Amino acid sequence: MSLQPKPLEQPKPVEVVKPVELPKPAPMVAAAPQPLLSPVPPAVSMPPQPVVPPQVAALPSSEPPAMSGGSDTISLAFDAEDAKVSDRARNDLVTLVKRMQKDEDLNLQLLAYASGDEASASKARRLSLSRALEVRKYLMDKGIRSTRIEVRALGNKLDGRGSPDRVDAVLVGR
């Protein structure tokens, strides 16, 4: 068997294509230059508005919460250094749950407080947050949607009303 090389194929001729001539663009007309930024009017100084906290009425501990009529706030007491919802607070929350289930236009603000001095402000804020989240969890377990509950951990920023270790549940309309 003999090995012979195959003859090389001749390349095919390349077809030359003429370039297409594009139409020339129309000349651009320069517009008057526009300022990049419009002038800023001088700042108007407004006096600071006072921050008005929500009206919170603490209920005496010997009375049941008056949710049906005038007051739309329940003050839930907690033991110092504890975030567990007490049995008394659970009883108060039952009334709140019934009212919220009856009226879907009601939302709830949980304003949580904890005692402590300025040196332990961070600890007081964490404790107040834990308390508010425990109340929120209880309400959610009873069927209240989380989107209807706003949590505010205020720590030791006490308002001078009631116990420093509490969560105020304030009903508000949408």
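The largest nonpolar core of this predicted model has 22 residues. Those with the most contacts inside this core are L76, L93, L96, L108, L110, V135 and L139. Five elements give two or more residues each to the core: the strands β1 (73-77), β2 (106-113) and β4 (166-173), together with the helices α1 (87-102) and α2 (121-141). The largest share, five residues, comes from α1.

V135 offers a convenient point from which to view the core. Apart from its neighbours within four places in sequence, V135 is in contact with L76, F78, V85, L93, L110 and V167. Two of these partners, L93 and L110, are also among the core residues with the most contacts, as are L76 and V135 itself.

The strands may be considered next, beginning with β4. This strand is mostly covered, since six of its eight residues are buried. β4 pairs with β1 in the antiparallel sense, over five bridges; within this pairing, I74 has A169 of β4 as its bridge partner. β4 also runs antiparallel to β2, and seven bridges join these two strands. Here L106 finds its bridge partner in G173 of β4. β4 is therefore a pairing partner both of β1 and of β2, given that two strands count as paired when at least two bridges are found between them.

Strand β4 also contains an acidic residue, D168. Is D168 buried or exposed? With a relative accessible area of 0%, D168 is buried, because the limit for that class is under 20%. The side chain of D168 makes a polar contact with the side chain of S75, at 2.9 Å.

Charged pairs form the last part of this description. The structure holds nine salt bridges. In one of them, the side chains of R145 and E104 meet at 3.2 Å, N to O. This pair links distant parts of the chain: R145 belongs to the loop between α2 and β3 (149-155), E104 to the loop between α1 and β2, and the two are 41 residues apart. R145 counts as partly exposed, at 41% relative accessibility, and E104 is likewise partly exposed, with a relative accessible area of 40%.

Another salt bridge joins D141 to K137, with the closest N and O atoms 3.4 Å apart. Both residues lie in helix α2, four residues apart, which is about one turn of the helix. Which class of accessibility applies to D141? At 58% relative accessibility, D141 counts as exposed, because its value is over 50%. K137, with a relative accessible area of 46%, falls in the partly exposed class.

A further salt bridge is formed by R152 and E150, whose closest N and O atoms are 2.8 Å apart. R152 is partly exposed at 31% relative accessibility, and E150 is partly exposed with a relative accessible area of 33%. Beyond individual pairs, salt bridges that share partners join E104, R145 and R148 into one network.

Methods: Residues numbered from 1 in each chain as written. Predicted model: local features only at pLDDT ≥ 70, side-chain atom pairs only at ≥ 80, totals over all residues. Heavy atoms only, no water. Core = buried A, V, L, I, M, F, W, Y, C linked by side-chain atoms within 4.5 Å. Buried < 20%, exposed > 50% of the residue type's maximum accessible area, 1.4 Å probe, protein only. Contact = heavy atoms within 4.5 Å. Salt bridge = Lys/Arg side-chain N within 4 Å of Asp/Glu carboxyl O. Polar contact = N/O pair within 3.5 Å; in protein donor to acceptor, adjacent residues only side chain to side chain.
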